[in-house]
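Q: Please take a close look at one part of this model, the aromatic pairs. Then add what surrounds that part.

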Amino acid sequence: MALKLACAFATSEHSPEHARIAEELGYERAWFYDSPALYPDVWVQLCRAADRTQRISLSTGVLVPHLRHPMVTAAAIATLVSAAGQDRVVVGIGSGFTARVSMGQRPLTWRFVSEYIVALRGLLRGEDVEWEGAITRMLQWEGYGARRPIEVPFVIAAGGPKGAAPAKELGQGVFGVFEPLPGFDWSVVLLFGTVLESGESPDSARAMAAAGHGGSVLLHYFLEHRMLDQIPGGEEWKKLYDAVPETRRHLAMHDGHLVGVNDRDRPYISGDLLARNHMSMSREAWRERMAALEEKGATEIAFQPAGPDIPRELEAFAKMLNG
């Protein structure tokens, strides 16, 4: 199997140490989420990871443009390049579906994301860039930032054709969730779940703790795509959130997002739901899933571990993929 092995972290104070463990297990890349309403600052944790690792690529998974002026992001990239080396840094960037929605906003337009990427890459090359009506340039002297030009690959999180166009024009790769986006030489697929022990049930306490966060993502996905009929009690689950004032509903829905399962979601997430959606499976079933994704065009799997024993999840997934 030619798939590259990567991990993704719901960025925490423990993520730098988990990146070190992932490096020892053979993971090639570690993606850190950029959702400040949910997790610590992504750049701080990436630089901490750089201090603990030697080889593994360190990446934003994915950066959200509206959170920072392009100059702030350029300085952050330069800082990580200084800490880890240019060859180890990848910039994942997207429209901010989680980061913006968790703050009550809609995702950014792809036009804005594209303009941001163009400005950011110009700054990293050491060019003058116009942003918000003013000319700006990275002015850091030697010792105050990585020397320009800084050339790092960009991977664009594109969930459909509107995002695929800027990904092909401005990126070196594409980042998707659950399924690969076709037509790219570098296609990352983000997955959630757990590798079951021999004879273990998807309903076991361990499996539910490790994979339940993926179930919450499914609930939100089915709601967004009007597919709640696929979940037993889906409409009843929706009513729990409908009862929350609309101005605060996004706060309730993102409680524990990609970390665990909140009290509203818990009754509707079962081992069967996780198993049917390829999240809680045996080693053999996972390998079949990996082969199917590779056949569809995936080149890299970014596995996000969760639960009380993240080192166990990283090791089990690595052993499964590497056979």
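A: The aromatic pairs come first, then a helix contact and one residue in a loop.

This is a predicted model, so local features need pLDDT of at least 70, side-chain atom pairs count only at pLDDT 80 or more, and totals for chains, interfaces and linings use all residues. Residues are numbered from 1 along each chain as its sequence is written, and side-chain values use heavy atoms, with hydrogens and water left out.

The structure holds 12 aromatic pairs. Rings of Phe, Tyr and Trp (its six-membered ring) pair if their centres lie within 6.5 Å; planes under 30 degrees apart count as stacked, over 60 as edge-to-face and the rest as tilted. Phe178 and Tyr221 make one edge-to-face pair, because their ring centres are 6.1 Å apart and their planes stand at 90 degrees. This pair links distant parts of the chain, 43 residues apart. Phe178 sits in the loop between strand S8 (173-177) and strand S9 (187-192), and Tyr221 in helix H7 (residues 205-224). Helices (H or I, at least four residues) and strands (E, at least two) are DSSP runs, numbered from the N terminus.

Phe178 has a relative accessible area of 15%, so Phe178 is buried. Tyr221, at 35%, is partly exposed. Buried means under 20% relative accessible area, exposed over 50%, and partly exposed in between (1.4 Å probe, protein chains only).

Trp286 and Phe317 form another edge-to-face pair, 5.4 Å centre to centre with 80 degrees between the planes. Trp286 lies in helix H11 (residues 283-295) and Phe317 in helix H12 (residues 310-322), 31 residues apart. Both Trp286 and Phe317 are buried. Ring pairs also link Phe178, Phe192, Tyr221 and Phe222 into a cluster.

Now the helix contact. Pro16, Glu17, Ala19 and Arg20 in H1 meet Gln45, Arg48, Ala49 and Arg52 in H2. Contact means heavy atoms within 4.5 Å. The residues of this contact divide into three nonpolar, one polar and four charged. Here Ala, Val, Leu, Ile, Met, Phe, Trp, Tyr, Cys and Pro count as nonpolar, Asp, Glu, Lys and Arg as charged, and the others, Gly among them, as polar.

Last, the loop residue. Val152 is in the loop between strand S6 (134-136) and strand S7 (154-157). Val152 counts as buried, at 6% relative accessibility. Leaving aside neighbours within four places in sequence, Val152 is in contact with Ile77, Val81, Gln86, Val89, Val91, Leu124 and Gln172.
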